[in-house]
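Please open the model in your viewer and keep the sequence panel beside it. The tour below moves from one selection to the next and says what is to be found at each stop.

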Amino acid sequence: MERVLERCEDIQRFAAEYFNHDSIFFIGRNLDYALGLEGSLKLKEISYIHSEAYASGELKHGTISLIEDGTLVVALGTYGALFDKAMSNVIEVKARGADVLALTTESHRAEMEKTVSSILTIPDTTPMLQPSLGVVPLQLFAYYVALQRGCDVDKPRNLAKSVTVE
């Protein structure tokens, strides 16, 4: 986790580059889909940007129609067993004009760089622990995007009561 936190400047730079998007999609397969759900949730909770997470394998079932020039897609490719399939989805959304911010492992960075230039990496570890590392840069991305948009990250609107009161 310390190695992930050492890259805060990269995360801040990407937040400064992408904070103006009105809609952001997270795509991933298997564990990366669950990671995308969490990243999307944190982003919408504190930055108020419309954000959705989709299972990459389901892109052709309607989701791909939402991708157009300039749409930000956060592509998650940390799950090694499905990395090649994740890459094919990155190529699909790039072909439709998406801006892609990728999150992958250090061992897959070189392959991801062949397709996208905005890349965050996490260290390689056992597959079941990858999401624990991957959630850190996604939460920091949400935090820095919210700051860029002038949002009060300590008091997100409409959340305090709904989270603390049953």
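Is E92 buried or exposed? At 15% relative accessibility, E92 counts as buried, where buried means under 20% relative accessible area, exposed over 50% and partly exposed in between, with a 1.4 Å probe and protein chains only.

Before going on, note that this is a predicted model, in which local features need pLDDT of at least 70 and side-chain atom pairs count only at pLDDT 80 or more, while totals for chains, interfaces and linings use all residues. Residues are numbered from 1 along each chain as its sequence is written, and side-chain values use heavy atoms, with hydrogens and water left out.

**Stop 1: the sheet**

Select the strands, which, like the helices, are DSSP runs numbered from the N terminus (helices are H or I with at least four residues, strands are E with at least two). There are 5 strands in an open sheet, with parallel pairing and the order 2-1-3-4-5; two strands count as paired if DSSP finds at least two bridges between them. At the edges lie strand 2 (50–55) and strand 5 (118–122), each of which pairs on one side only. On average, neighbouring strands of this sheet are turned by 20° against each other, direction ignored; axes here are lines fitted to C-alpha atoms, for helices over the stretch in contact, and angles run from 0 to 180 degrees between N-to-C directions.

Add helix 4 (residues 83–95), which packs on the sheet and touches strand 1 (23–28), strand 3 (72–77) and strand 4, contact meaning heavy atoms within 4.5 Å. The direction of helix 4 makes about 170° with that of strand 3.

**Stop 2: strand 5 and its partner**

Now select strand 4 (residues 99–105) together with strand 5, where the parallel pairing runs over 5 bridges. Within this pairing, L103 has L120 as its bridge partner in strand 5, and T105 stands opposite I122. In a regular strand the side chains alternate between the two faces of the sheet. In strand 5, S118, L120 and I122 point one way and I119 and T121 the other way, and all are buried. Because 5 of the 5 residues of strand 5 are buried, this strand is largely enclosed by the rest of the structure.

**Stop 3: T71**

Move to T71, found in the loop between strand 2 and strand 3. T71 is buried, with a relative accessible area of 8%. Leaving aside residues up to four places away in sequence, T71 touches H21, F25, L66, G97, A98 and D99.

**Stop 4: the salt bridges**

Side chains of opposite charge can pair when their charged atoms come close. A salt bridge is taken here as a side-chain nitrogen of Lys or Arg within 4 Å of a carboxyl oxygen of Asp or Glu, and by this rule the count comes to 8.

Show R3 and E106, whose salt bridge has its closest N and O atoms 2.4 Å apart. R3 lies in helix 1 (residues 2–5) and E106 in the loop between strand 4 and helix 5 (109–113), so the pair ties together parts that are 103 residues apart in sequence. R3 is partly exposed at 42% relative accessible area, and E106 is partly exposed at 27%.

Next, add R7, which forms a salt bridge with E106, the closest N and O atoms being 3.1 Å apart. Since R7 lies in the loop between helix 1 and helix 2, this pair ties together parts that are 99 residues apart in sequence. R3, R7 and E106 are thus linked in a network of salt bridges.

Return to E92 and select K60 with it: the two form a salt bridge, with the closest N and O atoms 3.3 Å apart. K60 lies in the loop between strand 2 and strand 3 and E92 in helix 4, so parts that are 32 residues apart in sequence are tied together. K60 is exposed, with a relative accessible area of 64%, whereas E92 counts as buried.

**Stop 5: two helices side by side**

Finally, select helix 3 (residues 31–47) and helix 6 (residues 130–148), whose axes come within 9 Å and cross at roughly 20°. That makes helix 3 roughly parallel to helix 6, a description that applies to angles under 35 degrees. Among the residues making the contact are L31, L35 and L43 of helix 3 and V135, L138 and F141 of helix 6.

Notes:
Parallel < 35°, antiparallel > 145°, perpendicular 65-115°, else oblique.
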